[in-house]
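Hello,

Here is the structure I promised to pass on to you. Have a look at it first, and then read my notes below.

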Amino acid sequence: MPSYTPPLRDMQFVLHEVLNVTDELKVCPPHAEIDADTINAVLEEGGKFAAGVAFPLNISGDAEGCVLDKTTHEVRTPSGFKAAYQTYVDGGWPALSCDPEYGGQGLPFVVNQCFYEMLNSANQAWTMYPGLSHGAYECLHAHGSPEQKALYLPKLTSGEWTGTMCLTEPHCGTDLGLLRTKAEPQADGSYRITGQKIFISAGEHDMAANIVHLVLARLPDAPKGSKGISLFLVPKFHVNADGSLGGRNGIHCGGLEHKMGIHGNATAQMVLDGAVGTLVGQPHKGLQAMFVMMNAARLGVGNQSLGLTEVAFQNALAYAKDRLQMRSLTGTKAKDKEADPIIVHPDVRKMLLTAKAYAEGGRALLCYSAVLLDKELHHPDEKVRADSAELLALLTPIVKAFLTDNGFNAAVMCQQVYGGHGFIKEWGMEQFVRDARINMIYEGTNTVQSLDLLGRKVLGNNGASLKKFAKLIGRLVEEEGVNEKMAEFINPLAGLGEQMTKFTTEIGFKGFQNPDEVGAAAVDYLRVAGHLVFGYFFARMASVALKQIAAGSTDPFYTAKLQTARFYFAKLFPETATLMRTARAGSRVLMDTDAALA
Ligand SMILES: Cc1cc2nc3c(=O)[nH]c(=O)nc-3n(C[C@H](O)[C@H](O)[C@H](O)COP(=O)(O)OP(=O)(O)OC[C@H]3O[C@@H](n4cnc5c(N)ncnc54)[C@H](O)[C@@H]3O)c2cc1C
């Protein structure tokens, strides 16, 4: 049986020692009173909920799965899920970072992200039920009418109702322009919506009194393609003007998918049969409105993999200290034992350190991105708000794709640490691998994220956003370049920063002549960009650790930080050289292959 300990010390390090979140956010009026003690206390309690309530349901939820009653169309979630959700609601957890105007506690988004990392470690499938509600909340908060906000936001905030995002249809996943679901305007200003959605996470369940579906559909006069998509709010139960529930709406679950992982989460086929909905935002501008939810979800999916990386690492580390096999190459280490623990073997350590580095780099990047969102929403200076939004837009596809690719690799490596036992269910490692796999696929596949990064976010604005991030690196290099002890971290980072401009320009130039060049380079490019960002945070973390040690700290935490950063720069970061080479190999070796792929 796996175990889980919330990584509170590392969260505190990132939040308070590296990012100084309280100083960063105190200037934002809603967070003027925020202090480190409050954040730490909330996370400590959140960790208790994650480890004590959600984690014990992870293996049983996976084994039991969800069951659809085909006559009532109701879905029963695994035993204990509903009660755990009620405990979550009673504890006020859904409201953590919601707007006080709707009953929220108004804490910064970054605190919620840390709480969610722990929930994801504990039980990704369970966490998706409340997790999607946050995206629906954000979307309605940004684009809902005053009536929609008044009726729905308090219930999403309290957690009495949950939310979904209904984009995908059988013939349309990545290409939403192919969407067919129809919305017919009614005389009373509402719409009747008809169509079929598939793969809808938490689309039907027994955990909350109502489900608020955010549905993409086409109006009768809609232009073809993605410019003709509108967004509608479609509740499972009608909602009366006073907020009370009416009868069932014309939307139901027609089937549940049988999946590789996240068995405890209901992935529903949703049938809309003249369901009554109301328009969210402007007609034909549904995708822009939905992007609020999708961007929140993309950070959320990166966070899912961060959580899995952490829990897989913790368990593999404990196993590697306990499992005795063979002797160390440099001589017996455990003289009183029949063999040495496998942690003495260099490659076992490499697998463990890879997972640790992916978790710690991912945590720093996610917390930084969450602070950017807090500043985008609440900073008093308009320029800071705009800059934060721009940087967050650049980092979002990296968070989604780099963290989820790393998360899957980390889960596989941690499984490998267990040898054959990693393949056996009772150890829990194969579940982490299965659960981690979906994160690379949904919410825009990782290929699509890489095209978004290279095509839209980098080349689309002539590298302007990337230059802003490069400035941060430049500043760090300037500050730390004189410090000899930082050379092992700063030199490779500065080197990659310099190469990045030429690398990007080269792909941009080739892409200008042949767009397939961008498609051929994008996945490699995103990984290089991921390492550039991770390198920046590892250098910052190393700098904090070195300063603490120089000031006399003997806390082994800082030594561990330095060792992990050293490992990262020596063993993982150099992957960028190969990636740049393969990206430069161009599109011809892929596209001129009709015979090979005949
Ligand atoms: C468990 C699960 C939960 C989900 N939850 C939700 C949900 O809550 N709401 C929702 O709306 N959807 C949900 N989805 C759908 C998910 O977002 C889609 O499956 C995903 O976006 C990919 O779409 P697709 O499956 O149709 O694949 P396709 O779009 O058919 O893509 C197939 C392959 O082609 C590649 N490809 C497509 N276009 C391009 C291109 N232009 N360039 C390069 N490669 C390309 C893709 O990367 C992929 O590898 C979920 C899916 C699953 C499996």
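There are zero disulfides in the structure, and please keep in mind that this is a predicted model. A disulfide is a covalent bond between the sulfur atoms of two cysteines. I followed up two of the cysteines. For C28, the closest cysteine sulfur belongs to C367 and lies 16 Å away, so the two are too far apart for a bond; a disulfide would need the sulfur atoms within 2.5 Å. The pairing fails for C166 as well, because its closest cysteine sulfur, in C253, is 11 Å off. As for their surroundings, C28 is buried at a relative accessible area of 0%, and C166 is buried too, also with 0%.

Now to the overall build. The protein has 19 helices and eleven strands. Its radius of gyration is 24 Å, which agrees with the value near 25 Å for a compact globule of 598 residues. Along the principal axes, the C-alpha atoms fill a box of roughly 80 × 60 × 60 Å. Of the 598 residues, 56% are buried. If you take the contacts between residues at least 6 apart in sequence, 73% of them join residues at least 24 apart.

On the outside, the accessible surface amounts to about 24800 Å², and carbon and sulfur atoms account for 56% of that. The protein carries 55 positive and 63 negative charges, and the mean positions of the two sets are 5 Å apart.

One helix that I looked at in more detail is α12, which spans residues 429-439 and is mostly covered, with nine of its eleven residues buried. Which residues of α12 are the buried ones? They are M429, E430, Q431, F432, V433, R434, D435, A436 and N439, so you will find charged side chains in the list, as Asp, Glu and Arg are counted as charges. The cover over these buried residues includes the helices α4 (58-64), α7 (124-143), α9 (286-322), α11 (382-417) and α13 (446-458).

For a contrast, go to D23, which sits in helix α2 (residues 21-26). Is D23 buried or exposed? Its relative accessibility is 57%, so D23 counts as exposed. Eleven residues further along the chain from D23 comes I34, and the C-alpha atoms of this pair are separated by 9.0 Å.

Happy browsing, and do write back with any thoughts.

Best wishes

How values were computed. Residues numbered from 1 in each chain as written. Predicted model: local features only at pLDDT ≥ 70, side-chain atom pairs only at ≥ 80, totals over all residues. Heavy atoms only, no water. Helix = DSSP H or I, 4+ residues; strand = E, 2+ residues; numbered from the N terminus. Rg over C-alpha atoms; globule rule 2.2 N^0.38 Å. Buried < 20%, exposed > 50% of the residue type's maximum accessible area, 1.4 Å probe, protein only. Contact = heavy atoms within 4.5 Å. Areas by Shrake-Rupley, 256 points an atom, 1.4 Å probe, with all protein chains shown as cover. Charge placed at Lys NZ, Arg CZ, Asp CG, Glu CD.
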